[in-house]
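Me: I am new to this structure and would like a close look at one part of it, the surroundings of the ligand. Could you walk me through that part and then show me what else is worth seeing along the chain?

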Amino acid sequence: MRVRLSSPDVNESDKAAVMEVLNSSALSLGPKLPEFEQMAAEVAGTRHAIAVNSGTSGLHLCVKAAGLGDGDEVITTPFSFIASANCILYERATPVFVDIDPETYNLDPKLVERAITSRTKAILPVHVFGRPCNMRALQRIAVKHGLTIIEDSCEAIGASYRGKPVGSLGDAGVFAFYPNKQITTGEGGVVVTNSDDIARQCRSMRNQGRSDGAEWLEHDVLGYNYRLSDINCALGISQLARLTEVLEARRRNAAAYHQLVSDIPGVIPPTAREPQCSISWFVYVVRLTDDCGRETRDEVLAFLRARGVECKNYFPPIHLQPLYRDRFRYSEGAFPITEHVAERTIALPFFTRLSEGQIEYVCSSLKAAVTSVRRRVLVAGAYN
Ligand SMILES: *Cc1c(COP(=O)(O)O)cnc(C)c1O
């Protein structure tokens, strides 16, 4: 058996929706764009949604719209996909990493407060793996110090924090629609915000710096082509229409995994969450117990792959990526909790249409992998 790490769920009505656009002449800036944005705004419960061609583009526009630039410090997490830190570098601002909570893997608010300096302008929390951050604590810190919050909600569409959708809890939030996300537009993203000013700026900047109602060749500010085509928007509309079902199916898959993974010695299933929160299951990431290290984890990955089970080491810490080591002189030990977690985590195959049989196969393979690798490593250790 071969089980993929992720797989987009594209059905016949998705295909029909895309064909409908292709049969029209409005391939970009047509009617599907506002329709998609309206739906995204409803998911986030925000006044505005601005569709863009990727989650990364959306984050970049938020950083610009927040006025972040040279010398400004932005507090963020090293345990994430690299785009959440790179978007700060695009504007020559400085990402200031702080370590994570060892259970939720999200920014630890206590460490955020300690990292604030006179140059701190914003916090960029990431709801990693679809689990909401402790937003109440982050909001308190932001208010106290006059900071902007940009929520990287790219992995968390549909998750909620104390009854409110993620994406609506800061000044602006971003969802992403790459094919491994909960729902997809092929490539794509959307900025959601209640701020009229941020919305206006993002709308202009995604479209070459044109202002609303301006002539096509009139450009007020430095802009980009970050537009999302109507082809992508049509796919997004069709996918968003079944977001509730998709998230429910993923919740069931996570529950099925939980039951089986809980019985495997040496493997910790994901359990932690902030109070009164709902998770939007993006990936299913287990962790090996503390007596195993990175080498053990990597052997488990290799064992699983040999059995046809795709898996990944989500996430290697951002500060240890070559770009960040070179630029900021980071090395091992800088963020010990992030590194400890990152050395032991394994993302298992996870997508909406994962079958029970596939989950059983993955878990029996994981059990065999961990048993065999641990036996060998622990025995070797006893003789060292
Ligand atoms: C997917 C993702 C993004 C954006 O990705 P794109 O591929 O640009 O759409 C940003 N941050 C995080 C944490 C992500 O997982």
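Reply: Happy to help; the ligand comes first, and then some strands, a few backbone details and the confidence of the model.

Please keep in mind that this is a predicted model. The protein chain has an average pLDDT of 96, and 98% of its residues score at least 70.

Let us start at the ligand. There are 14 residues around it, and those that come nearest are G55, T56, D152, E155 and K181. Three of these names return when we look at single atoms. At T56, an N or O atom of the side chain is 2.4 Å from an oxygen atom of the ligand. K181 also uses its side chain: an N or O atom there is 2.8 Å from a ligand oxygen. With G55 the backbone takes part, as one of its polar backbone atoms lies 2.8 Å from an oxygen atom of the ligand. How much of the ligand's accessible area does the protein cover? On its own the ligand has 380 Å² of accessible area, and the protein covers 92% of that.

Where do the surrounding residues come from? Helix α3, which spans residues 55-65, gives the largest share of the shell, with three residues. Sorted by class, the shell holds six nonpolar residues, five polar ones and three charged ones.

Now to the strands. An open sheet is built from three strands in the order β7-β6-β11, with antiparallel pairing. Its edges are β7 (164-165) and β11 (277-278); each has a single partner strand, so one side of each is left without a neighbour in the sheet. Strand β6, residues 160-161, is joined to β11 by two bridges. If you want a place to find this pairing on the screen, look for S160, which stands opposite S278 in β11.

Another antiparallel pair is made by β12 (residues 284-288) and β13, and four bridges join them. Here V285 faces A347 of β13 as its opposite residue. Strand β13 covers residues 345-348, and its side chains alternate in direction: T345 and A347 point one way, while I346 and L348 point the other way. All of these residues are buried.

Next come some backbone details that are easy to miss. Two residues other than glycine have a positive phi, namely F129 at about 60° and Q276 near 55°. F129 sits in the loop between β4 (120-124) and α6 (135-145), whereas Q276 belongs to the loop between β10 (267-268) and β11. Are they buried or exposed? The relative accessibility of F129 is 3%, and because buried means under 20%, F129 counts as buried. For Q276 the value is 58%, and because exposed means over 50%, Q276 counts as exposed. A further detail is the cis peptide bond from Y314 to F315, whose omega is near -20°. You will find F315 in the loop that links α10 (294-306) and α11 (322-328).

Finally, a word on confidence. Within the protein chain, strand β9 (residues 189-193) has the highest confidence, at 99, and helix α13 (residues 356-383) the lowest, at a mean of 87. As a general guide, predicted coordinates should not be read in detail where pLDDT is low.

Methods: Residues are numbered from 1 along each chain as its sequence is written. This is a predicted model: local features need pLDDT of at least 70, side-chain atom pairs count only at pLDDT 80 or more; totals for chains, interfaces and linings use all residues. Side-chain values use heavy atoms; hydrogens and water are left out. A residue is near a molecule or strand if one of its heavy atoms lies within 4 Å of it. A polar contact is a pair of N or O atoms within 3.5 Å; within protein, one must be able to donate a hydrogen and the other to accept it, and residues adjacent in sequence count only if both atoms are side-chain atoms. Accessible areas come from the Shrake-Rupley method with a 1.4 Å probe; for residues, only the protein chains shown count as cover. Ala, Val, Leu, Ile, Met, Phe, Trp, Tyr, Cys and Pro count as nonpolar, Asp, Glu, Lys and Arg as charged, and the others, Gly among them, as polar. Two strands pair if DSSP finds at least two bridges between them. Buried means under 20% relative accessible area, exposed over 50%, partly exposed in between (1.4 Å probe, protein chains only). pLDDT is the predictor's confidence in each residue, from 0 to 100.
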